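This report goes through selected helices, salt bridges and individual residues of one chain. Please keep the sequence and the model open while reading.

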Amino acid sequence: MDKQTPAHRVFVTGATGFVGRSVIHALRTEGYGVRCLVRRGSEADLRGFGAIERVEGNVLVPGTLEAAITGCDTALHLVGIIREQPSRGVTFERVHVDGTANVLAAATAAGVRRFLHMSALGTRAAARSRYHRTKWTAEEAVRSSGLAWTIFRPSVIYGRGDGFVSMLAGMVSRLPVVPVIGDGRQRLQPVPVEQVAEAFARAVELPATVKQVVEVAGPDAVTMVELLDMIGAALGRRRVLKAHVPLGLMRVMARLFHRVPSFPITPDQLLMLGEENTCDARPFFSTFGVTPVPLRAGLERMLG
Ligand SMILES: NC(=O)c1ccc[n+]([C@@H]2O[C@H](COP(=O)([O-])OP(=O)(O)OC[C@H]3O[C@@H](n4cnc5c(N)ncnc54)[C@H](OP(=O)(O)O)[C@@H]3O)[C@@H](O)[C@H]2O)c1
């Protein structure tokens with residue numbers, strides 16, 4: 001089927017990011033035309049993607065959105081932040097809540113049929129972290145939009161160019177002893193970025209996913225300690241030496257230093273790392289026809 005007609009054109013926010021670049025590939029592979037919202041200054045992140053449209057805009061500037069979306073059948077909203085920059089007006093409330101409301105309003109005005117929304121596993125009304133609480137408010141706006149929506153809630157997403165596993169791999173490579181926050185026993189369930197992207201692309205025309213919240217994860221739930229050992233193995237390390245840093249000390253340090261961009265963690269991220277981040281991923285695999293990739297194999301492919 002020719003999916004290049006306007007009815008098969010997908011508007012993507014957050015396309016210049018880690019997940020967004022994989023999503024563009026997946027949409028192109030499925031035959032969709034892709035139109036990306038690009039912030040001024042981020043154009044270079046889409047270098048090498050040939051046949052895609054690029055429109056300048058910002059989800060915090062509503063006036064840039066409606067014309068950008070018009071002519072697209074589907075909007076795929078990926079924009080999100082893990083770290084706030086309050087001095088520049090970049091907060092979870094602004095980006096997750098206001099940004100989503102702006103994109104929803106523009107999508108509705110532009111007559112979009114389908115709305116695919118990126119949330120995160122652990123999102124709930126009474127979450128401890130503001131990241132998760134604002135993702136919840138954004139989800140609620142999507143659910144009440146009247147559009148044919150699907151919400152994705154992934155655990156940690158990994159692959160070349162990611163933030164989390166690449167940072168851990170950097171520590172395992174460089175440090176003689178790797179710090180582990182607290183006892184490192186909370187589990188997470190990393191999923192390869194290509195599979196998240198494939199699911200988004202397939203959801204465009206998968207009626208069974210309309211008005212569904214999909215929890216997204218890989219097949220293996222691992223503790224931070226196990227994840228570090230797996231990363232070490234993928235990097236050819238016989239053993240990863242670890243030192244546990246008390247949670248209380250990390251909390252104090254994160255409060256003091258989280259505005260320093262090179263400090264690796266914020267108080268909000270600490271709250272999230274203190275929680276399990278796992279789910280039953282079988283519905284994700286079966287709904288989207290995804291073959292689970294064992295974490296060990298996925299890490300070897302990424303890092304080996
Ligand atoms: N990575 C994970 O493990 C993970 C797990 C669960 C959920 N998620 C969610 O997945 C989404 C994408 O994550 P990611 O890892 O790909 O993040 P990322 O690499 O930081 O990408 C974020 C994207 O959002 C864009 N953006 C930020 N503020 C914007 C604004 N005001 N207007 C327009 N675009 C803006 C960025 O544009 P610029 O290039 O201009 O900065 C970039 O394209 C987020 O919603 C995140 O919460 C990620």
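Which residue follows α3, and what is the sign of its phi? Helix α3 is followed by Gly111, whose phi is positive, near 80°. The model is a predicted one.

**Helix α3**

Helix α3 covers residues 92-109, which is 18 residues. From its first C-alpha to its last it reaches 25 Å, close to the 26 Å expected at 1.5 Å a residue. The helix has a kink of about 25°, and the kink is centred on Gly99. Gly99 is also one of the buried residues of α3. The others on that list are Phe92, Val95, His96, Thr100, Asn102, Val103, Leu104, Ala106 and Ala107. The buried residues of this helix pack against the strands β1 (9-13), β4 (74-77) and β5 (114-118), and against the helices α2 (66-69), α4 (130-143) and α9 (267-273).

Helix α3 also carries a salt bridge, between Arg94 and Asp98, with the closest N and O atoms 4.0 Å apart. These two residues are 4 apart in the helix, so about one helical turn separates them. Arg94 counts as partly exposed because its relative accessibility is 35%. Asp98, at 32%, counts as partly exposed too.

**Helix α1**

The 12 residues of α1 should span 16 Å at 1.5 Å a residue, and the end C-alpha atoms are 18 Å apart, which agrees. Buried in α1 are Phe18, Val19, Gly20, Ser22, Val23, Ile24, Ala26 and Leu27. The cover over these buried residues includes β1, β2, β4, β5, β7 (157-158) and α6. The residue after α1 is Gly31, and its phi is positive, near 95°.

**Salt bridges**

How many salt bridges does the structure hold? The count is 17. Three of them are set out below.

| Pair | N to O distance | Relative accessibility |
|---|---|---|
| Glu30 and Arg202 | 3.8 Å | Glu30 29%, Arg202 27% |
| Arg94 and Asp98 | 4.0 Å | Arg94 35%, Asp98 32% |
| Arg187 and Glu276 | 2.9 Å | Arg187 34%, Glu276 40% |

The side chains of Glu30 and Arg202 meet in a salt bridge. Glu30 lies in the loop between α1 (18-29) and β2 (33-38), and Arg202 lies in helix α6, so this pair ties together parts that are 172 residues apart in sequence. Glu30 is partly exposed, and Arg202 is partly exposed as well.

A salt bridge also joins the side chains of Arg187 and Glu276. Arg187 lies in strand β9 (residues 187-188) and Glu276 in the loop between α9 and α10 (282-288), so the pair ties together parts that are 89 residues apart in sequence. Salt bridges that share partners also join Glu139, Glu140, Arg143, Arg153 and Glu215 into one network.

**Two buried residues**

Val204 is in the loop between α6 (193-203) and β11 (212-216). Is Val204 buried or exposed? Its relative accessibility is 2%, so Val204 counts as buried. Apart from neighbours within four places in sequence, Val204 is in contact with Val10, Leu27, Tyr32, Thr74, Arg113, Arg114 and Leu116. Leu27, one of these contacts, is among the buried residues of α1. The C-alpha atoms of Val204 and Glu30 are separated by 10.0 Å, while the two residues are 174 residues apart along the chain.

Arg35 is in strand β2. With a relative accessibility of 8%, Arg35 counts as buried, since the cut-off for buried is under 20%. Which residues does Arg35 contact, leaving aside its neighbours within four places in sequence? They are Arg9, Val10, Phe11, Val12, Glu53, Val55, Ala67, Ala68, Ile69, Thr70 and Cys72. Val10 is thus listed as a contact of Arg35 and as a contact of Val204.

**A nonpolar surface patch**

Val252, Leu256, Phe257 and Val260 make a nonpolar surface patch of about 350 Å². Leu256 has its place in helix α8 (residues 247-257). At 61% relative accessibility, Leu256 counts as exposed.

Conventions:
Residues are numbered from 1 along each chain as its sequence is written. This is a predicted model: local features need pLDDT of at least 70, side-chain atom pairs count only at pLDDT 80 or more; totals for chains, interfaces and linings use all residues. Side-chain values use heavy atoms; hydrogens and water are left out. Buried means under 20% relative accessible area, exposed over 50%, partly exposed in between (1.4 Å probe, protein chains only). Contact means heavy atoms within 4.5 Å. Patches are made of residues with over 30% relative accessible area and no salt bridge: like charges are joined within 9 Å, nonpolar side chains (Val, Leu, Ile, Met, Phe, Trp, Tyr) within 5 Å. Accessible areas come from the Shrake-Rupley method with a 1.4 Å probe; for residues, only the protein chains shown count as cover. The expected span of a helix is 1.5 Å times one less than its number of residues. The bend at a residue is the angle between axes fitted to the seven residues ending there and the seven starting there.
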